[in-house]
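Biologist: Please take one part of this structure and examine it closely, then set it in the context of the whole chain. I would value a connected account in place of a list.

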Amino acid sequence: MQALIQRVAEASVRVQGRAIGAIGPGLLVLLCAERGDGEAQADQLLAKLLKLRIFSDAAGKMNLSLQDTGGGLLVVSQFTLAADTSGGNRPSFTRAAPPDEGRRLYEYFVARARAVHPEVATGEFAADMQVHLVNDGPVTIPLRIAPPG
């Protein structure tokens, strides 16, 4: 399972012109389930991103986590993170989990996040979304938790 995490001053998601999720300061998480991923990878990824120390402390040093700051978490499904661009000019997405499994793992991840973090907003799985963000820093970090084997 992989994610692209962006520290944001604010972020929101719109579907068909309607705002469906928004946060103030926090993390925008573009989330991709890959073939072979399961709940263990989702749990590990969530634990890592909640504790990742990428927010500034009083001295301006990146020393605080999302849990420390209480910031928002906006989770958006993003199967294109599984793109393979090694063969030609059209990306292949065969590494992405099949849609039903991707949805299940996305919903599992969101449910677990809501169980342990006070502010969680989402996009809409498989929708054509417009994501708006003000990247803070900018700070953008890729995370990947591979299945065993």
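Modeller: The account below starts from one serine, S77, and moves outward to its surroundings, the cores, the ring pairs, the charged pairs and the chain as a whole. The model is a predicted one.

S77 is placed in strand β6, which covers residues 72–77. Its relative accessibility is 11%, and because buried means under 20%, S77 counts as buried. Leaving out residues up to four places away in sequence, S77 touches L31, Y106, E124, F125, A126 and M129. Several of these partners can be followed further.

L31 is one of them. Apart from its neighbours within four places in sequence, L31 is in contact with S77 and also with M1, Q2, A3, L45, V75, V76, Q78, F79, L81, Y106 and F109. L31 also belongs to the largest nonpolar core, a set of 29 residues in which L27, L31, L49 and L73 touch the most other members. To this core β1, β3, α1, β6, α3 and β8 each supply at least two residues. A second, separate core has eleven residues, including A11, L30, A121 and M129. S77 therefore touches a member of each core: L31 of the largest one and M129 of the second. As a general background, nonpolar side chains in soluble globular proteins tend to be buried together.

Two further partners of S77, Y106 and F125, bring in the aromatic rings. The structure holds two aromatic pairs. One of them joins F79, itself a contact of L31, to F93: this pair is edge-to-face, with 5.0 Å from centre to centre and 70 degrees between the planes. Both F79 and F93 lie in the loop between β6 and α3, so their pairing ties together parts that are 14 residues apart in sequence. F79 is exposed, at a relative accessible area of 51%, and F93 is partly exposed at 31%. The pair of Y106 and F125 is tilted, with 5.8 Å from centre to centre and 40 degrees between the planes. Y106 belongs to helix α3 and F125 to the loop between β7 (120–122) and β8, so this pair ties together parts 19 residues apart in sequence. Y106 is buried, with 6% relative accessibility, and F125 is buried as well, with 19%.

Helix α3, which holds Y106, also carries a charged pair. There the side chains of R104 and E101 form a salt bridge, with 2.9 Å from N to O. R104 and E101 both lie within α3 (residues 99–116), three residues apart, about one turn of the helix. R104 is partly exposed at 36%, and E101 is partly exposed at 27%. Salt bridges with shared partners also join E34, R95 and R144 into one network.

In total the structure has six salt bridges. One of them brings together the side chains of R7 and D136, at 3.4 Å from N to O. R7 is in strand β1 (residues 2–15) and D136 in strand β8 (residues 129–144), so that 129 residues separate the two and the pair links distant parts of the chain. R7 counts as buried at 7% relative accessibility, whereas D136 counts as partly exposed at 33%. Another salt bridge is formed by R144 and E34, whose side chains meet at 2.9 Å from N to O. This pair too links distant parts of the chain, with R144 in β8 and E34 in the loop between β3 (26–32) and α1 (39–51), 110 residues apart. E34 counts as buried, at 3% relative accessibility.

The whole chain completes the picture. It has three helices and eight strands, arranged along the sequence as β-β-β-α-β-β-α-β-α-β-β. Its radius of gyration is 15 Å, close to the 15 Å that the globule rule gives for 149 residues, so the chain is as compact as a globular protein of that length. The C-alpha atoms fill a box of roughly 45 × 40 × 35 Å along the principal axes. Buried residues account for 40% of the 149 residues. Of the contacts between residues at least 6 apart in sequence, 72% join residues at least 24 apart. The chain exposes about 7,900 Å², of which carbon and sulfur atoms supply 50%.

Definitions and conventions
Residues are numbered from 1 along each chain as its sequence is written. This is a predicted model: local features need pLDDT of at least 70, side-chain atom pairs count only at pLDDT 80 or more; totals for chains, interfaces and linings use all residues. Side-chain values use heavy atoms; hydrogens and water are left out. A salt bridge is a side-chain nitrogen of Lys or Arg within 4 Å of a carboxyl oxygen of Asp or Glu. Helices (H or I, at least four residues) and strands (E, at least two) are DSSP runs, numbered from the N terminus. Buried means under 20% relative accessible area, exposed over 50%, partly exposed in between (1.4 Å probe, protein chains only). Contact means heavy atoms within 4.5 Å. A nonpolar core is a set of buried Ala, Val, Leu, Ile, Met, Phe, Trp, Tyr and Cys residues joined through side-chain atoms within 4.5 Å. The radius of gyration is taken over C-alpha atoms; the globule rule is 2.2 Å times the number of residues to the power 0.38. Accessible areas come from the Shrake-Rupley method with a 1.4 Å probe; for residues, only the protein chains shown count as cover. Rings of Phe, Tyr and Trp (its six-membered ring) pair if their centres lie within 6.5 Å; planes under 30 degrees apart count as stacked, over 60 as edge-to-face and the rest as tilted.
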